[in-house]
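Work through the exercises below with the sequence and the model open. Each task is followed by a solution in steps.

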Amino acid sequence: MDVGFSSLRSEAVGAMRTALVSAENLQLTLKTELSQEEQALTHTKSSPKETHKTGNEDLKEMLESNKDSLKLEAMKRVVGLIAKGKNASELFPAVVKNVASKNIELKKLVYVYLVRYAEEQQDLALLSISTFQRALKDPNQFIRGSALRVLSSIRVPIIVPIMMLAIKEAAADLSPYVRKTSAHAIQKLYSMDPDQKEQLIEVIEKLLKDKSTLVAGSVVMAFEEVCPDRIDLIHKNYRKLCNLLVDVEEWGQVVIISMLTRYARTQFTSPWKEGAMFDENNEKAFYDSDSEEKKDQTEAQPYIMDPDHRLLLRNTKPLLQSRNTAVVMSVAQLYWHLAPKHEVNIVTKSLVRLLRSHREVQYIVLQNIATMSIQRKGMFEPFMKSFYVRSTDATHIKTLKLEILTNLANEANISTILREFQTYVKSQDKAFAAATIQAIGRCATNISEVTDTCLNGLVLLLSNRDETVVAESVVVIKKLLQTQPTQHSEIIKHMAKLFDNITVSMARASILWLMGEYCERVPKIAPDVLRKMAKTFTAEEDIVKLQTVNLAAKLYLTNSKQTKLLTQYILNLGKYDQSYDIRDRTRFIRQLIVPNEKSGALNKYARRILLAPKPAPVLESAFKDRDRYQLGTLSHSLNTKAAGYLELSDWPAVAPDQSVRNVEVIEPVQEWAPLVGKTKKPKSDKFYSDDEEEKEEERSKSSGSEDSSSSSSSSSSDESGSESEEESSEESDKTSSDSGKSSSGSEKSSSESEPEQKKKKKMTKAPQKKSKPTAAFSDSDENGNGPVAQASSSSAESSSDSETDSEDDSDSDSHATQQKKKRDVKSKPKVEVKSKVEVSLLDLDDFSPAPTNAPKSLVVSSSLLSDLEGLSLSNISSTMQVTTPSFGPVKTYELLHHMTGKGLSAKYHFSRQPCLYQPSMVAVQVILTNSSDHSLEEIHIGDRSPASLNIHCFNTIERLEPEASVTVSMGIDFSDSTQAANFQLCTKEDQFSVSIQPAVGELLMPSTMTEQDFSKEQGKLLGMNETSATITMATANTSSQAISKQVLCAANVGVVSSSANNFHRFAGRTVSSRALVLVSLELKESSTALLTINTEKSVMASMLLRDLKQALAQA
Amino acid sequence: MILQQQISVELNMRNSPSDPPCQSALFKGGHQNITFHQHVNPSQFIVWELLQDGPICRRLFSNSGNFWHTGTISCNIPELAAEMIHSLFLINHSGDIFLEKHWKSVISRSVCDYFFEAKEKAVDPENVSPVLQTPHHYLITIYRDKLFFLSVIQTEVPPLFVIEFLHRVADTIQDYFGECSESVIMDNVVTVYELLEEMLDNGFPLATESNVLKEMIRPPTILRSVVNTLTGGSNVGDTLPTGQLSNIPWRRAGVKYTNNEAYFDVIEEIDAILDKSGSTVFAEIQGVIEACVRLTGMPDLTLSFMNPRLLDDVSFHPCVRFKRWESERVLSFIPPDGNFTLMNYHVSSQNLVAIPVYVKQSITFFEMGPCGRLDITIGPKQTMGKTVEALMVTIHMPKAVLSANLTPTQGNYTYDLATKVLVWDIGKLNPQKLPNLRGSLSLQAGAPKPEDNPSLNIDLKIQQVAISGLKVSRLDMYGEKYKPFKGVKYLTKAGKFQVRT
């Protein structure tokens, strides 16, 4: 065995060796080609052809053979040629024949080839198109995906229409993978044919609505490339994108974050305090007294952050912990550009962490930190030591670290930094040493306390052995002396002494300038230096010559007795210099200082011109103005505007309409949705704040009676608005069932929520157009998402209005209007429910197969299973409609009253979503509200009973401000029993025992099946699995719509389409054990009906029967 | 043909709406440099030059009397949508391009000349700026394992995005073939090419998870390559990857092992700068947990620590549930199959960092005569009762040092004349008999005495201890029935540990 194996192995080694040899040969030939290329810069096509003629003939034969293995071998070699950048285009006909090969590897290699050469051989490439078109219809999603990938990569203009069609089709594909591919294809098509833009935008718009995390990143990428200015497409998807972000793949996260940064800058108002626009002093004060400042801010500023703005900040924060450095950087820049100033600090640690990464990462991160540290020292000061330079760092890293250290220097840490700098000055890397000297100079000018110390240190460096160090020191000292107009003649003298040994021209020039400028302070030395210069003048560099002329002129003016002749001599030398610059200067100086008849006028002012006090140079960071570019971008890195750079707009003075984003539903995924309580708040604030006009505009269309209600709503929301809202919405939900359809009421309510639906025009589709708010829900429904938060947020407004109205404003409002309003409240939820079902049906038609499995994909789960499910259903679209989850009105229950909860109140409702955490759990959304006057901390779930109870807790809420409320979601495994789940809701100080008792209907989830399946399943569940009763229904409930509504309201089941009018069927499964629950209702005469429930769980059946009976009996 | 097509796009444009459309077009030159003239008005015309490596160069010639003046004009060419990463070139240490991959139209390799120019200037490959600008493109380069990965970019893109991706490419190659070198890449050029094809679609990263990639393209093993040569089989997986579609894209489906095992290595690195006197200028601990998990099915693991408060800043593999960490300080995750980095962490800086060794050194260069003296002793300081192993000292000597004549009491030393690097490999540190290296250095005659003493870089390892004191308390598995074999190993290493002299 061993022997056999080793022989096998040696064979393999032999094979590899031959392969290597041939590879080497190839390389050799490549080499010759390269040199040819170098010689004749333009490489012609013929030469590579010739060199490879023999090899390629050979390949052609292999490709045309019948054996897959030979073909494969040939393709591998062809790909090898491509990889080396060699021309293999003449093999095109031979290769393209293999595009339909069954061998997957061969196929892939052909794809590689095709993508590379199709552009050059367009006619032949067309031969392959039909193969891809066929593959686009393949039942396997991967084959569909890769076909689209290759098809869209073939850059042949003729196939643009085919691509367009394929993209459109793929965008509606069931598989998120294919949809992702179509998003990629959009960009490819756009770059090939920008004329398709409009059509492509339509596809993008459609894909933006996609709930799959797989698609999100790619479609945003397409958006950024095709239509980055169409910000209006984002509105409706904004919240969804924010919520999905954590689950999107890393690369998509980067793209989405940068897009959202741009978006936020156009949609929200600035969270930065006015007047504190990155003022250095203010900044320092801020860090000295952190808490004080905060108080200040809250007091002084009426600014309240848009909850959507907050949503973005909160959802991006966890990504700071990503392993992907690009993600961390993009979150950091988001915080930098969007967060209130005191919150930006949270990114510091993560950025410093990135410094441990690869050299290139360090480079980019340090550049960004350098820009940040100019404006906000405090952010990085605690991490100063992380920027200490190591001798092993690359030079550009060292320089950047130095830059940052200099930016961070202040009175407190300057001594530490200077000590560090001392080490650097001695570095063997002289470029770095020179940079350090400049840094010392900057520290000296910025911090006056250390100027003298630095100056002395620099003077010491003048005796350094290294020339560059000395030269740099001279230049820096020159600058420093200029900023310090006090006596420094000693230093100047010292420099004069060194003058002979310094050869670097810039340094010599600097010394000469200093001599001239301060010649009166060194009256003896300056003429001597000039004398020396006169001797060496001709051998000097231009810059030194210029300064010599300057020095001569200045000395002539101050000390003409000693230097008159010298000056004349130098001016004569300069007159015949080779450089015209120097000749010009000499001529100019001569006219200026030497008086003669012609030039009397200026002569008088010569002294004032030459010896004018000069402003000191400002030593600034090279990163001073880099912040004009968005951090983390290529433009920032290069400090020039890169092609395709999109400016970050300034904050708008007045926030654009916030309600444009309202349409979108909040994912149940989020654990803290600020929705119910919070969305309202800023709105109500608006009423009082100064941007009244905007509001005015919105209201202008609404009726007069609404005015009073809106004002009252503002008053109501001022005192813990959220609570009253919920109560009222709960109430209204309950009453919804018995209230009849009152059209006048619905009209009324529609007018009330006018601002919200302004943007919604598509409601024209809905048959029941009367009630506008329902149109607002169409989006949510087609995506199969819960109306939960939505319903409460929009209905809450109107309902709370009316309630408070009746209490507070009773004098202004007549009794009649109150009555009317009450009715509005009652009628509204009802209308919603009904048309909800319809709208979703409509949209389904509109959307064709795709949304079938939408309820699943929204949970991000795009598992193969669900795909297959979708696939099998795709051809029976007529029955599919039943799969839309049924959403009855949401009943909210109280979990904890604020009296017993010491200010903490909790309400819950069953969101009827598949639970994210475990499929066997029932998703419950809990709305926590703080009605006390102090903030509550560390709200979490404590002990539970029974101990075995499986709960997925929400994350601890660190802090809940007074009046604020959060929505969190949790999962509870009830194990298909209605036994209450008892647990403790804890705050930092207290614990409250609470319990959730589910109605039996909530333990179900809707199931999809056809009528045939239903009958089949029902047939299996007979006998003791069947429970039935004859019930009497309220007359209002006899219509099929009403029945569906009542049943769906009581139980979370799915409607099964029925062929018979008097037969209604509903199907569901229990959440934990997945047992089928079938409900059928057969209408008999005079509002009686036979209600039958078939399920294995007989206890549940009887309970459900009771509940349904009750629900249908009441009107 | 391509070029003509591009031109026809350009022809539709005018410099401003008021300009007359192009009146005449003149094609000139071969297929690489195409020039055509566009008459704007009788006294002006524009020459469009289509360069080989760039889109277009425009010159405005205007006729004023006797002269044709040349000037460049800026007109708003609609931004042709460009992908994030256009092309990738792999370049070896000596500057040969040995692999190129274009995700879109082909960019001539002459674009790399700008890079070579910068490389020439920088002398040391480490010093080449990672981001370069050329007239028509931007080049973003990483340098790893003596190879340059050069990507060509055409439009604004976060540079870290590209850098991170390039490192992922290098990681993947490393993961597949054990190392990332020119010879390995050339031996497996087809596989590498297939990988690149899968990793990026139209310049946007597609599949970068190693688990997903390995399902699509199997890494070569000796056995398989033998079988493939005999049977004509392929490296391309015939099953389609499911990971990419699931909620957990990092894990492949249907994993099966007979021995179920999960190993975790807690590796900590001490980054420190010590000054001349031996006091700590700066010290911190960076840790990483490397995992090797071979478990059947879909295990859901929970790893908890005895003292999670130690961890100051963390970053996770995407599999880790961040919310659990936030609330309970435990790592809860469904692991990828095989080797991966679970988390990186930074130990809070309040904790004093134990420095395991001390160094007594004296390096002096004499003013008189071309020589210097070196004397280094290393002893244990805070080693947590463990032995320090694999101790090594590296010194980058000043250029003037010609040779070294030294005697170590333990281990051996080498001095590389070309790079001027002195390496003293000590091995185990014996507390009874401290290792010492002393002797003389000879300097280049006539060269000035080096200004500065070189700093020492120290490498060391301490087995079975995490220097921060971090301890894993338990590992639980849910979701699967079998009992896995679990193991945790600790290791402390010197990171960037530098002693200034």
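Two strands count as paired if DSSP finds at least two bridges between them. The model used here is predicted.

**Exercise 1. Determine how strands β12 and β27 of chain B are joined.**

Solution.
Step 1. Locate the strands: β12 covers residues 261-274 of chain B, and β27 covers residues 485-499 of chain B.
Step 2. Count the bridges: 13 of them join β12 to β27. The pairing rule asks for at least two bridges.
Step 3. Read the direction: these two strands run parallel.
Step 4. Take one bridge as a check: B:Ala272 has B:Phe497 in β27(B) as its bridge partner.

**Exercise 2. Place β12 and β27 within their sheet in chain B and name the edge strands.**

Solution.
Step 1. Write down the strand order, which in chain B is β15-β17-β13-β12-β27-β25-β20-β23-β22. This is an open sheet of 9 strands with mixed pairing.
Step 2. Look at the ends: β15 (311-316) and β22 of chain B are the edge strands, each pairing on one side only.
Step 3. Add the twist: on average, neighbouring strands of this sheet are turned by 15 degrees against each other, direction ignored.

**Exercise 3. Describe the pairings that β23 of chain B makes with β20 and with β22.**

Solution.
Step 1. Recall a general point: strands of a sheet pair through backbone hydrogen bonds, either parallel or antiparallel.
Step 2. Take β20 (residues 388-396) of chain B: 6 bridges join it to β23 (residues 421-427), and the two run antiparallel. Here B:Leu391 has B:Gly427 as its bridge partner in β23(B).
Step 3. Take β22 (residues 412-416) of chain B: it pairs with β23(B) over 5 bridges, also in the antiparallel sense. Opposite B:Thr414 stands B:Val423 in β23(B).
Step 4. Examine the link: β22(B) and β23(B) form a hairpin with 4 residues between them. In that turn, B:Lys420 has a positive phi of about 60 degrees.

**Exercise 4. Which strands stand at the edges of the open sheet of 4 strands in chain B, and why is one side of each without a neighbour?**

Solution.
Step 1. Read the order in chain B, which is β18-β19-β24-β21 with antiparallel pairing.
Step 2. Pick out the edges: β18 (357-365) and β21 (401-408) of chain B each have a single partner strand, so one side of each is left without a neighbour in the sheet.
Step 3. Note the twist, which averages 15 degrees from one strand to the next.
Step 4. Follow one edge inward: β18(B) pairs with β19 (residues 371-380) of chain B in the antiparallel sense over 9 bridges. Within this pairing, B:Gln361 stands opposite B:Ile376 in β19(B).

**Exercise 5. Is A:Asn368 buried or exposed, and what does it touch?**

Solution.
Step 1. Find the residue in helix α20 (residues 359-375) of chain A.
Step 2. Apply the cut-off: buried means under 20% relative accessible area. A:Asn368 has 1% relative accessibility and therefore counts as buried.
Step 3. List the contacts: leaving out residues up to four places away in sequence, A:Asn368 touches A:Met329, A:Leu631, A:Gly632 and A:His636.
Step 4. Single out the polar contact: the side chains of A:Asn368 and A:His636 make one at 3.2 Å.

**Exercise 6. Describe the setting of A:Arg356 and its contacts with chain B.**

Solution.
Step 1. Place A:Arg356 in the loop between α19 (348-354) and α20 of chain A.
Step 2. Classify its exposure: at 26% relative accessibility, A:Arg356 counts as partly exposed.
Step 3. Identify the contacts, which include B:Glu269, B:Asp271 and B:Gln286. A polar contact of 2.8 Å joins the side chains of A:Arg356 and B:Glu269.
Step 4. Compare sequence and space: A:Arg356 and A:Ser386 are 30 residues apart along the chain, and their C-alpha atoms are separated by 9.6 Å.

**Exercise 7. Summarise chain A as a whole and give the number of disulfides over all chains.**

Solution.
Step 1. Count the elements: chain A has 50 helices and 15 strands.
Step 2. State the burial: of its 1115 residues, 59% are buried. Two examples are A:Cys227 at 0% relative accessibility and A:Cys986 at 3%.
Step 3. Check the disulfides: the count is 0 over all chains, where a pair of cysteine sulfur atoms must lie within 2.5 Å.

How values were computed. Residues numbered from 1 in each chain as written. Chains lettered and ligands numbered in written order. Predicted model: local features only at pLDDT ≥ 70, side-chain atom pairs only at ≥ 80, totals over all residues. Heavy atoms only, no water. Buried < 20%, exposed > 50% of the residue type's maximum accessible area, 1.4 Å probe, protein only. Polar contact = N/O pair within 3.5 Å; in protein donor to acceptor, adjacent residues only side chain to side chain. Contact = heavy atoms within 4.5 Å. Axes fitted to C-alpha atoms, helices over the stretch in contact; angles between N-to-C directions.
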